Amino acid sequence: MGTICGQSLQYCTWFVSKVFGRGSHSSFLVNKTNKLSDYSQRKHASKTWEAKCLEVSHSTKSSQAPTVEPRKCDAYFDENWLLKTKGQEVSSHLNGCNICLVGMMGSGKTTVGKFFSEALNYSFVDGDHFVEEFMGGISVAQIFNQYGESFFRDIESEALKELSLMPCKVIATGGGAVVRPVNWEYFKRGISVYLNVPLDALAKRIAAVGTGSRPLLDSTGDAYTMAIVGLSPISKKRSGAYANADITVSLLDVAAKLGDEDVLNIPPAAIATEVLLQIEKFLGGASSTSVDKLS
Ligand SMILES: Nc1ncnc2c1ncn2[C@@H]1O[C@H](COP(=O)(O)OP(=O)(O)OP(=O)(O)O)[C@@H](O)[C@H]1O
Ligand SMILES: O=C(O)C1=C[C@@H](O)[C@@H](O)[C@H](O)C1
C-alpha cells in the first residue's frame, strides 16, 4: 500500500509540475500544451486529481497505511493557489517596498492590482480614488471639468508623493500620472510595473463600461470609436514614459504563453501571477538595493 501512496505522491508532484511548471522562476503560463488559459481546465484538473486521490484512498482502505485525503489534494488546485504561493514568496523579499502599477486607462491596473495586493498581503490603493477623497469626494471627471487637467495633475502628484512614503501598498496610478517626471521619483521609491495592453483591447474594455468617467475620451460617436480615437494619440505620446517602468508585463506575451490569442480572455488572477513572477525575476536580477528602498 505504501507503494501505491508513494506512487500517488509522485503522480501529485508530476501533475503539479506538469501543470504549473518547475522551479521558483518558472511561470504557470508555461506553454501551449499545458495551457491554463481557461480556469475550467484547472477545475477539471482538480476533479481529475480528486478522483485519483479517492481511488488511492479506496485501495488503501483495508491496510494500516494512511489514506490520502481528497480535500487536502484538492487544495493544490485552489483557483488562486499559485497566486497566493507566489505572493507569499515575493512578499518575503519585498521588505515592504510598494508596487506602482502604471498603464493606459483600462489596462487593468485596478482589477489586477487588487488580486496581487491580496496575495502579497499588501493594501491596495487606487490613485484616482485617493485624489477624489482628497478633493472631498468629487469625481475625477468633475475635477477635470471644474478645475482643469493641470490642477488634477498637481493634486495627483501630491497624492503620489504621500503614498510613496507609506509601505506595503499596491498603487494603481492614474493612467496619465507617468507624464510628470516628478512622479517617477515617487514610483521609483517602490517597484514600477507597466501593464501593456493593446489599444483595441483597451477600447473594447472601456466601451463596455462607457467613457463617462474618463474625461480625456469624451468626444462624439459610439463608445468604442470614442475610446479608440481618444486612446491612440495618448498612447503614442506616453509610450516613452511607460517604458521607464522597472517591469513591463505585456498582455500579448501572456496571451502567447497561454496559447490564447485573445488578450480579453486572460483572467485577472493569471495576469496578477505573471506580475508577481516578473517582480520575482526583477528582484533576482537586481541588486539588493532594489528592496531596500524604504529602509
Ligand atoms: N483581465 C481582465 N479581464 C476582464 N476584464 C478586465 C480585466 N482587466 C480589466 N478588466 C475590465 O476592464 C475595465 C478597466 O479595468 P480597470 O479599471 O482595472 O483599469 P485601470 O487601468 O484601473 O483603468 P483607469 O486607469 O482608467 O482607472 C474594467 O471594467 C474591468 O472590469
Ligand atoms: O490617462 C489619463 O490621463 C487619466 C486616467 C485616469 O486614471 C484618470 O487619472 C484621469 O481620467 C486621467
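**Entry 1. Ligand 2: polar contacts**

I take a polar contact to be a pair of N or O atoms within 3.5 Å. The model I am reading is predicted.

With that cut-off in hand, I looked up the oxygen atoms of ligand 2. I found one of them 3.3 Å from a polar backbone atom of Gly-176, which means that this pair falls within the 3.5 Å limit. I then turned to the arginines. A polar side-chain atom of Arg-153 lies 2.8 Å from an oxygen atom of ligand 2. For Arg-238, I noted 2.7 Å between an N or O atom in its side chain and an oxygen atom of the ligand. I next checked how far ligand 2 is covered: taken alone it exposes 310 Å², and the protein buries 95% of that.

**Entry 2. Ligand 2: surroundings**

I asked where ligand 2 sits. I located ligand 2 in the largest pocket. Two elements, α7 (140-147) and α8 (149-164), each give two or more residues to the shell around ligand 2. I listed the residues around the ligand and recorded, among them, Met-105, Asp-128, Val-140, Phe-144, Phe-152, Pro-215 and Leu-216. The list also includes Gly-174, Gly-175 and Gly-176. By class, I entered 6 nonpolar, 3 polar and 3 charged residues for this shell.

**Entry 3. Ligand 1: polar contacts**

I repeated the search for ligand 1. A polar backbone atom of Ser-107 is 3.2 Å from an oxygen atom of this ligand. On the side-chain side, I noted a polar atom of Lys-109 at 2.7 Å from an oxygen atom of ligand 1. Thr-110 likewise places a polar side-chain atom 2.6 Å from an oxygen atom of ligand 1. As to cover, ligand 1 taken alone exposes 630 Å², of which the protein buries 76%.

**Entry 4. Ligand 1: surroundings**

I placed ligand 1 in the largest pocket. Which elements give two or more residues to the shell around ligand 1? I identified α5 (109-120), α10 (199-209) and α13 (268-285). The largest share, 3 residues, comes from α5. I recorded 16 residues around ligand 1, the closest being Gly-106, Lys-109, Thr-110, Thr-111 and Arg-214. I sorted the shell into 6 nonpolar, 6 polar and 4 charged residues.

**Entry 5. Aromatic pairs**

Lastly, I looked up the aromatic rings. The count comes to 4 aromatic pairs. I examined the pair formed by Tyr-194 and Tyr-242, with ring centres 4.8 Å apart and 5° between the planes. I entered this pair as stacked, because planes under 30 degrees apart count as such. I then traced both residues along the chain: Tyr-194 belongs to strand β4 (residues 191-196) and Tyr-242 to helix α11 (residues 223-242). The two tyrosines are 48 residues apart, and I noted that their pair links distant parts of the chain.

Key:
Residues numbered from 1 in each chain as written. Chains lettered and ligands numbered in written order. Predicted model: local features only at pLDDT ≥ 70, side-chain atom pairs only at ≥ 80, totals over all residues. Heavy atoms only, no water. Near = heavy atom within 4 Å. Polar contact = N/O pair within 3.5 Å; in protein donor to acceptor, adjacent residues only side chain to side chain. Areas by Shrake-Rupley, 256 points an atom, 1.4 Å probe, with all protein chains shown as cover. 1 Å grid on protein atoms, 1.4 Å probe; cavity = no way out; pocket = protein on both sides within 12 Å on 5 of 7 lines; lining within 4 Å. Sits in = over half its atoms within 2 Å of the grid points. Helix = DSSP H or I, 4+ residues; strand = E, 2+ residues; numbered from the N terminus. Nonpolar A, V, L, I, M, F, W, Y, C, P; charged D, E, K, R; others polar. Phe/Tyr/Trp six-rings, centres within 6.5 Å; stacked < 30°, edge-to-face > 60°.
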